[in-house]
Amino acid sequence: MRDDVEHGPGMPGERGPDRCPAASGRLRGLVCVTLLACLFAVAAPPPSGASEEQDDPVVNDPLEPLNRVVFAINEALDTIILRPAAVVYGAVLPDEVRLGIRNVVRHLSLPFTFVNDVAQGEWTRSGETAQRFVINTMVGFAGLYDAAAKEGLPHRSTDFGSTLAVWGVGDGPYLVLPIAGPSSVRDAAGLVVESVTDPVDIAFRRADLDSMPLIRAGVAAVDFRHRNLDTLDDFKENSLDYYAFIRALYRQRRAFELDTDGDRYLTGGMGESGEDYAYPPPRPDFGRSRPPAQ
Amino acid sequence: MRPLRLLLFLPFLLCALAGPAAADEGPERFIRELAAEVLPQLTDPSIPLDRRRAQFREVLNRDFDLDKIGKLVLGRHWRRAAPAKREEFRTLLEDYLSGLYARRFEDLAGLAITVDGIREFQGWSMVYTTATRANGTPVLLDWRVDRKDGGYAITDLVIEGVSMVIAQREEFSAIVVEAGGLDGLLIKLRMRIAG
């Protein structure tokens, strides 16, 4: 799960399915087509399968039995490896060092963020991402120190799943990936693409630093887990069905980040007379600098 | 004839124009007052958990609409449940939520809430706020407010885009489906409250 998405909720909704192949690049077109083919192949079984859920349009989880198994394995791995690692990470390293590590992790994500900004047609944002990368590479000691944030260029992240969403690809059924955790068919496809096209990882491999991509992913995972230690502990302890709770959390969070109507929740008859509507409604963009309440 | 006929439409026109301008400010004021008066009591770090729980239960009954939340959270299972079961569920929900949130309020001392805006929907409003914790991280916190007994009541909290009602409903629904009926959920809730 990505929690470090700080581009606000209210990106203007001028994105549409027709944005896809508009601009440059044979390669991207190829990737796009291959991916769409994959998506349709994977998404083939219609989600209406689960007989119990027929009048409940909210839960799109036809693979729930399998997902629950993978989820349980992930939980076990979390309990014995990731969580202890995150606890040690928090206990051993001082705040400043952890902040530096987090900055580097984020910094290394910027080249791929830039690619996605461009692919999404977000020209202004792609420029800001590039500026941020240059500033923090030069002034911020290769990303260790976040100088760009002080210049009004806060960290923002996006991923290829988001790009697919902008191109009009629906999220498809819920999917729990081994190790990577909660996802959807679309976001999983995005991860696959990311794993082979991330510029920084490609650069590492070119430089014969073959283990670096894995180390980088490991550090990012420990950092993420550490920052969410209390929250996830609370959820795990207090939820009655942790799997269902995390599923609801992931899907809502994703719909919120992407702000695409296609992903927005249908309420499954939450209206007065049992009708459906998209809920929660998209949050209006109030801007960051609204004057405080009188 | 023409001017007269236009006059007939005047009241409608005025209503249409006045509608959005005279937006109901009640829900916003309700949330402001809640944030200013009720929240500091709930998050006061000096009070023991038992008292906090009792306090929150009071708030839950006064400023929330538990009947409606119960209905929203159970969804289709509510519509199928017998009245006695509904009543039982509502009681358990009150116990469950007051236990759960009383503990969560412990860490929220000094939470400051600023109202970002408000939107009205059919029969309910969304009051959009930003909550800033003592350590400075701002969190988008939106309140769904419905009318209740001539006043207002909260029917959902949306934290960073995640609706608590929807999350809870998916969880409850999964338990009902797995147990093959509402009774399974009631048992699980009772166990959780006791434990």
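1. **A hairpin in chain B.** Strands E2(B) and E3(B) make a hairpin with 5 residues between them. Gly136(B) sits in that turn and has a positive phi of about 95°. Strands here are DSSP runs of at least two residues (E), and helices are DSSP runs of at least four (H or I), numbered from the N terminus. Two strands pair if DSSP finds at least two bridges between them. E2(B) and E3(B) run antiparallel and are joined by 9 bridges. Across this pairing, Tyr128(B) stands opposite Asp142(B) in E3(B).

2. **What kind of model this is.** The model is predicted: local features need pLDDT of at least 70, side-chain atom pairs count only at pLDDT 80 or more, and totals for chains, interfaces and linings use all residues. Residues are numbered from 1 along each chain as its sequence is written, chains are lettered from A and ligands numbered from 1 in the order in which they are written, and side-chain values use heavy atoms, with hydrogens and water left out.

3. **The whole sheet.** The hairpin belongs to an open sheet of 5 strands in chain B, in the order E1-E2-E3-E4-E5, with antiparallel pairing. Which strands stand at the edges? They are E1 (112–121) and E5 (162–163) of chain B; each has a single partner strand, so one side of each is left without a neighbour in the sheet. Strands of a sheet pair through backbone hydrogen bonds, either parallel or antiparallel.

4. **The other pairings.** E1(B) and E2(B) also form a hairpin, with 2 residues between them. Gly123(B) in that turn has a positive phi of about 85°. These two strands pair over 9 bridges in the antiparallel sense, and Ile113(B) stands opposite Ala131(B) in E2(B). Strands E3 (residues 138–148) and E4 (residues 151–159) of chain B pair over 8 bridges, again antiparallel. There, Arg144(B) stands opposite Asp156(B) in E4(B).

5. **An enclosed strand.** Buried means under 20% relative accessible area, exposed over 50%, and partly exposed in between (1.4 Å probe, protein chains only). In strand E2 (residues 124–132) of chain B, 8 of the 9 residues are buried, so this strand is largely enclosed by the rest of the structure.

6. **The nonpolar cores.** A nonpolar core is a set of buried Ala, Val, Leu, Ile, Met, Phe, Trp, Tyr and Cys residues joined through side-chain atoms within 4.5 Å. The largest one has 63 residues. Ile113(B), Trp143(B) and Leu185(B) are among those with the most contacts inside it. Helix H6 (residues 83–105) of chain B gives the largest share of this core, 8 residues. A second, separate core has 9 residues, including Leu164(A) and Trp167(A).

7. **Chain A in outline.** Chain A has 11 helices and 2 strands. Along the sequence, the pattern is α-α-α-α-α-α-β-β-α-α-α-α-α. Of its 294 residues, 47% count as buried.

8. **Two buried residues in chain A.** Thr129(A) lies in helix H4 (residues 123–138) and is buried, at 6% relative accessible area. Contact means heavy atoms within 4.5 Å. Leaving out residues up to four places away in sequence, Thr129(A) touches Leu110(A), Thr113(A), Phe114(A) and Asp117(A). Asp198(A) is in the loop between helix H7 (185–197) and helix H8 (199–206) of chain A. Is Asp198(A) buried or exposed? Its relative accessibility is 3%, so Asp198(A) counts as buried.

9. **Salt bridges.** A salt bridge is a side-chain nitrogen of Lys or Arg within 4 Å of a carboxyl oxygen of Asp or Glu. The count over all chains is 39. In one of them, Asp241(A) meets Arg68(A) at 3.0 Å, N to O. This pair links distant parts of the chain, 173 residues apart. Asp241(A) is buried at 7% relative accessibility, whereas Arg68(A) is partly exposed at 26%.

10. **Two more pairs.** Arg156(A) and Glu128(A) form a salt bridge, with the closest N and O atoms 2.0 Å apart. Arg156(A) is in a loop and Glu128(A) in helix H4 of chain A, so the pair ties together parts 28 residues apart in sequence. Glu257(A) and Arg254(A) meet at 3.1 Å, N to O. Both lie in helix H11 of chain A, 3 residues apart, about one turn of the helix. Both are buried. Salt bridges that share partners join them into one network, which includes Asp159(A), Arg253(A) and Glu160(B).
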